[in-house]
Amino acid sequence: MSTSNPAHEPDDYVRIFDTTLRDGEQSPGATMNLEEKVTIARQLERLNVDIIEAGFAASSPGDLESVRRVAETVTTPVVLSLARTTESDVEQALRAVEKAAHPGIHIFIATSDIHLKYKLQMNREDVLNAATVAVATAKKHLDHIEFSCEDASRSDWDYMVSVLTEVVRAGARILNIPDTTGHAIPEEYGRMFAYLREHVPGSDRVTWSAHCHNDLGLAVANSLSAIKNGVRQVECTINGIGERAGNTSMEEVVMALRTRKDLFGIESRVNTPQIYPASRLLSQIIGQAVPANKPIVGDNAFAHEAGIHQHGVLMHKLTYEIMKPQDIGIPSNKLVLGKHSGRHAFVDRLQHLGVDPQTVDVKKAFAEFKALCDKKKVVYDDDILVLITEEARRSADHFELVELEVNSSTKSTPHAMVTMRVGGVEKSAEGTGDGMVDACYKAISKIAELAPALERYSVKAITGGTDALGEVSCLVRHDGVTVAGQGAHSDIVMASALAMINALNRLHARGNALRQRLDEGP
Ligand SMILES: [Zn+2]
């Protein structure tokens with residue numbers, strides 16, 4: 001372990017532990033493939049988060065592989081894997097982060113009586129022993145060891161003191177006290193940290209961490225209350241995605257600390273202009289739109305700006321604005337490129353949007369950009385981000401669209417002719433349906449020999465005008481597994497086909513990984 005890593009410097013700041021790729025990915029329909037996870041990890045590095053929880057290595061071979069890839073990709077943040085206290089979990093988590101510049105492990109076990117009795121079927125002494133042994137085992141291999149009392153907010157405080165005392169003795173460096181069920185209230189959650197910090201010997205030598213869920217809409221408030229009570233690490237996700245109502249929203253905590261520095265006197269080290277690109281990137285990858293009224297990153301979060309500009313009353317800005325849109329990377333000029341823009345301008349724009357040109361096939365992306373310029377008069381930042389994510393989405397696919405032809409008129413039944421490559425082999429099929437999209441989905445189902453139930457289908461125009469790039473999101477269910485698919489194209493039927501094929505690829509990837517979620521984690 002290098003001492004130069006920000007997570008290990010003694011100075012006082014709030015570490016940002018991002019769990020978008022682990023807890024965040026557990027939100028329904030937010031499954032990401034390997035390439036998408038690597039894309040997000042790169043963006044997290046640009047954001048300058050301190051720690052990336054890249055997955056839960058023991059939960060599936062796919063998870064192990066993605067932790068490994070993230071560990072090999074980023075260099076600044078600590079990369080860690082979640083693990084239960086079993087020997088094989090710890091072993092797999094350690095193996096997954098072997099090649100990380102700054103490896104870490106996050107070991108958890110439940111401490112609430114209700115979890116002990118119904119989930120673990122273990123008594124308090126067994127749990128204490130399991131936790132201590134797991135931490136001691138990991139300590140032989142690395143130093144960045146985080147320990148979590150799952151369901152802490154419903155656990156007996158004094159029992160947690162005994163467990164935490166032992167794991168600190170065994171070598172844990174970070175103590176995470178999660179509100180797993182989203183049950184805590186800010187004042188109470190803060191008080192729990194004050195109590196634990198007072199009673200665990202050596203508590204001033206470890207970093208205390210908050211991990212909250214938003215079931216009562218209090219995840220950010222609880223995390224801030226924890227910071228007021230000595231917590232120096234917050235676990236959070238981009239856009240607040242996560243189990244049920246979600247996790248603590250990274251952008252909200254970061255900007256609350258920054259905006260109210262007068263009150264907290266402490267900040268994170270997040271590179272805030274990368275917040276907006278991160279939010280858009282994740283939203284496009286998982287196909288979940290950010291609600292317009294979402295603080296910090298929602299479309300309306302700074303909407304008063306536009307109105308004021310229209311009226312030219314600049315003085316009002318000072319009256320209403322507590323944050324500047326530029327501070328979080330909202331582009332001030334969304335209209336950027338067109339038909340006559342060169343490759344240099346394109347690469348320049350990519351960098352401005354937080355995309356590292358080294359990580360994309362620039363030649364291919366530029367060719368796609370030019371093709372888009374032929375279809376549209378102006379290409380917006382959002383269009384470009386879609387091009388890039390669309391590329392990440394399509395890499396290493398089992399199912400690929402080759403050709404699509406649809407016919408529809410007021411007199412005839414809509415008809416589609418689809419050609420796809422399945423594992424490299426070209427196949428064609430026809431379909432008829434209630435509309436062109438339906439006909440096209442029937443043909444795709446025939447070729448893929450998979451007929452998942454379509455649970456949700458939505459179309460969104462990414463930018464204005466009838467020539468806008470349309471993005472289709474669908475949610476499909478097959479054999480008890482729900483996955484989301486996205487596709488973007490200036491033709492809506494094409495975008496729909498790409499979205500369905502993207503979903504089928506995710507189903508295929510899930511099948512390969514034989515993914516079984518053995519445990520949910522903190
Ligand atoms: Zn959680």
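These are my notebook entries on a predicted model, going from the whole protein to single residues.

**Ground rules**

I number residues from 1 along each chain as its sequence is written. Because this is a predicted model, I keep local features only at pLDDT of at least 70 and side-chain atom pairs only at pLDDT 80 or more, while totals for chains, interfaces and linings use all residues, and side-chain values use heavy atoms, with hydrogens and water left out.

**Entry 1: the whole protein**

I began with the inventory and found 18 helices and 16 strands. Both are DSSP runs numbered from the N terminus: helices are H or I with at least four residues, strands are E with at least two. I then looked up burial, and 57% of the 522 residues count as buried. Here buried means under 20% relative accessible area, exposed means over 50%, and partly exposed is in between (1.4 Å probe, protein chains only). The accessible surface comes to about 21,700 Å², and carbon and sulfur atoms hold 51% of that surface. These areas come from the Shrake-Rupley method with a 1.4 Å probe; for residues, only the protein chains shown count as cover. Of the contacts (heavy atoms within 4.5 Å) between residues at least 6 apart in sequence, 66% join residues at least 24 apart.

**Entry 2: the barrel**

Next I traced a closed barrel of 8 strands, in the order S1-S2-S3-S4-S5-S6-S7-S8, with parallel pairing. From one strand to the next, the twist averages 25°. Angles run from 0 to 180 degrees between N-to-C directions, and axes are lines fitted to C-alpha atoms, for helices over the stretch in contact. Helix H8 (residues 219–228) packs on this sheet and touches strands S6 (174–179), S7 (207–212) and S8 (233–236). I get about 165° between the directions of H8 and S7.

I picked one strand pair for a closer look: S4 (residues 103–110) and S5 (residues 144–150) pair in the parallel sense over 7 bridges. Strands count as paired if DSSP finds at least two bridges between them. Ile107 has Phe147 in S5 as its bridge partner.

**Entry 3: helix H1**

H1 covers residues 34–47, 14 residues in all. Its first and last C-alpha atoms are 20 Å apart, close to the 20 Å expected at 1.5 Å a residue; the expected span is 1.5 Å times one less than the number of residues. Asn33 caps the N-terminal end of H1, with a side-chain oxygen 3.1 Å from the backbone nitrogen of Glu35. Buried residues in H1 include Val38, Ile40, Leu44 and Leu47. After the helix comes Asn48, with a positive phi near 70°.

**Entry 4: the open sheet and H17**

I then turned to an open sheet of 3 strands, ordered S11-S12-S13 with antiparallel pairing. S11 (399–407) and S13 are at the edges with a single partner strand each, so one side of each has no neighbour in the sheet. Ignoring direction, neighbouring strands here are turned by 15° against each other on average. S11 pairs with S12 (residues 415–422) over 8 bridges in the antiparallel sense, and Glu405 has Met417 in S12 as its bridge partner.

H17 lies across S11, S12 and S13, at about 140° to S13. Its 13 residues should span 18 Å at 1.5 Å a residue, and the end C-alpha atoms are indeed 18 Å apart. Among its buried residues I noted Cys440, Tyr441, Ile444 and Ile447. Glu449, just after H17, takes a positive phi of about 55°.

Is Asp434 buried or exposed? I found Asp434 exposed, because its relative accessibility is 78%. Asp434 is in the loop between S13 (425–432) and H17 (436–448). Its C-alpha is 9.2 Å from that of His415, 19 residues apart along the chain.

**Entry 5: Arg280**

Arg280 is in helix H11 (residues 275–286). I count Arg280 as buried because its relative accessibility is 10%. Which residues does Arg280 touch, not counting those up to four places away in sequence? I found Asp299, Asp382, Leu385 and Lys460.

**Entry 6: the S15–S16 hairpin**

Last, I looked at S15 (residues 470–478) and S16 (residues 481–489), which pair in the antiparallel sense over 9 bridges. They form a hairpin with 2 residues between them, and Asp479 in the turn has a positive phi of about 50°. Gly470 stands opposite His489 in S16. S16 is mostly covered, with 8 of its 9 residues buried.

How values were computed:
Polar contact = N/O pair within 3.5 Å; in protein donor to acceptor, adjacent residues only side chain to side chain.
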